[in-house]
Amino acid sequence: MTSATTNITDRPKKHDTLTLRYLVLIGLILIAAIGFSIANDNFYSLTNLGILLRSISVLFLVSMGMTFIMLTGGIDLSVGSNVAFAGGIGVITLTVTGSATLGFIAAIVAGSLIGLINGYFIGKLKLSAFMVTLATFALARGLALVIYDANSINVSDPAFLWLGGTSWGAFPVVIPFVALVFAALSVLLYKTTFGRDVYATGSNFNTAFVLGRRPERKIMWIYVLSGALAGLSAIITVGRVSSGQPWAGLYLEFDAITAVILGGTSLFGGRGKLLGTILGVLLYGIIINGLVLTGMNPYLQNLIKGMILLGVVLLDTFTQRGKTA
């Protein structure tokens with residue numbers, strides 16, 4: 001009776017904390033947007049807004065995949081390299097077959113394959129997510145460099161470039177596509193047994209296993225999902241620059257991790273929402289875009305990225321300690 005009462009009374013507190021975090025993120029987004037618009041009049045120009053939306057579309061996709069992974073208490077350091085690898089496979093397939101459709105399929109399958117490797121070793125063999133994805137981080141980047149021979153490959157097929165390169169005026173067509181992916185993943189996470197099992201796996205793996213939820217299988221499929229989203233991101237990346245690049249997605253995994261934790265997903269698993277990830281990506285994207293627009297030294301930009309990541313990790317760690325105290 002007491003534990004049930006405690007659980008019921010805890011729920012409003014959790015919702016209040018989540019709402020407060022979202023309100024803080026929205027406030028920070030507004031402050032950042034206003035501040036950068038004062039620093040540079042071009043911040044609100046249609047051209048820059050189009051650049052901003054197109055640049056964060058890839059981060060939106062990989063961050064949603066990273067959210068699923070981190071909800072299980074895992075991490076994926078390979079997503080950036082996977083974007084380069086999947087893009088290379090897609091571009092080579094397009095070049096050989098002349099079919100944009102086969103190129104799309106090849107990119108998504110290639111990304112999913114890296115995800116499957118991660119998921120098998122982490123979920124089935126129960127190896128460290130950090131070490132496994134660090135290995136595939138190097139593996140996928142090495143394969144990308146071999147595929148491209150360390151050189152870019154120009155792409156001119158309009159169908160293959162459409163998703164990442166087309167705009168309605170200044171509004172990129174990729175944004176409605178990302179919104180559809182967000183809606184589909186929200187249904188998967190919040191309205192299905194699979195989604196409930198994701199949270200259960202992150203909250204307590206052993207309990208989920210005892211209850212027959214097959215957490216090892218869920219982990220494997222979550223990494224496959226992340227890989228497929230990396231494949232989609234590769235297609236968008238190629239469309240943005242009209243070429244396949246062996247160094248595409250460089251440091252993307254760190255950007256995604258930062259945005260996901262910034263949005264309230266815990267490093268320790270079992271806590272987080274996709275909406276928070278979207279807000280985290282938007283805030284992070286505005287900060288990076290604003291720094292570029294104001295002409296800040298690129299090396300200082302990396303310094304600021306590192307400070308943001310360190311800050312959100314410390315915040316998440318102290319929050320977790322406070323809850324377990």
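Reader: Why is Tyr 44 called partly exposed?

Author: In this predicted model, Tyr 44 has a relative accessible area of 46%. Buried means under 20% and exposed means over 50%. The value of 46% falls in between, so Tyr 44 counts as partly exposed.

Reader: Where is Tyr 44 found?

Author: Tyr 44 is in the loop between α1 (2-39) and α2 (46-71).

Reader: What makes Tyr 44 eligible for a nonpolar patch on the surface?

Author: Patch residues need over 30% relative accessible area, and Tyr is on the list of nonpolar side chains. Tyr 44 has 46%, so that cut-off is passed. The patch also holds Leu 23, Ile 26, Leu 30, Ile 34 and Ile 38. Together, these residues and Tyr 44 have about 630 Å² of accessible area.

Reader: How do you know that Pro 215 is buried?

Author: Its relative accessibility is 0%. The cut-off for buried is under 20%, so Pro 215 qualifies. Pro 215 belongs to helix α10 (residues 215-241).

Reader: Which residues does Pro 215 touch, leaving out those up to four places away in sequence?

Author: Thr 201, Phe 205, Ala 208 and Phe 209. As for Phe 194, 21 residues separate it from Pro 215 in sequence, and the C-alpha to C-alpha distance is 9.9 Å.

Reader: What lines the second largest pocket?

Author: The lining has 24 residues. Ser 55, Arg 240, Asp 255, Ile 288 and Lys 305 lie nearest the centre of this pocket. Two or more lining residues come from each of α2, α10, α11 (252-262), α12 (274-293) and α13 (298-324). The space in the second largest pocket is about 670 Å³.

Key: Residues are numbered from 1 along each chain as its sequence is written. This is a predicted model: local features need pLDDT of at least 70, side-chain atom pairs count only at pLDDT 80 or more; totals for chains, interfaces and linings use all residues. Side-chain values use heavy atoms; hydrogens and water are left out. Patches are made of residues with over 30% relative accessible area and no salt bridge: like charges are joined within 9 Å, nonpolar side chains (Val, Leu, Ile, Met, Phe, Trp, Tyr) within 5 Å. Accessible areas come from the Shrake-Rupley method with a 1.4 Å probe; for residues, only the protein chains shown count as cover. A salt bridge is a side-chain nitrogen of Lys or Arg within 4 Å of a carboxyl oxygen of Asp or Glu. Helices (H or I, at least four residues) and strands (E, at least two) are DSSP runs, numbered from the N terminus. Buried means under 20% relative accessible area, exposed over 50%, partly exposed in between (1.4 Å probe, protein chains only). Contact means heavy atoms within 4.5 Å. On a 1 Å grid over the protein atoms alone, a cavity is a set of points where a 1.4 Å probe fits but cannot get out, and a pocket is an open set with protein on both sides within 12 Å along at least five of seven lines; lining residues have an atom within 4 Å of a point. Grid points are joined across faces, edges and corners, and a volume is the space filled by probe spheres set on the points.
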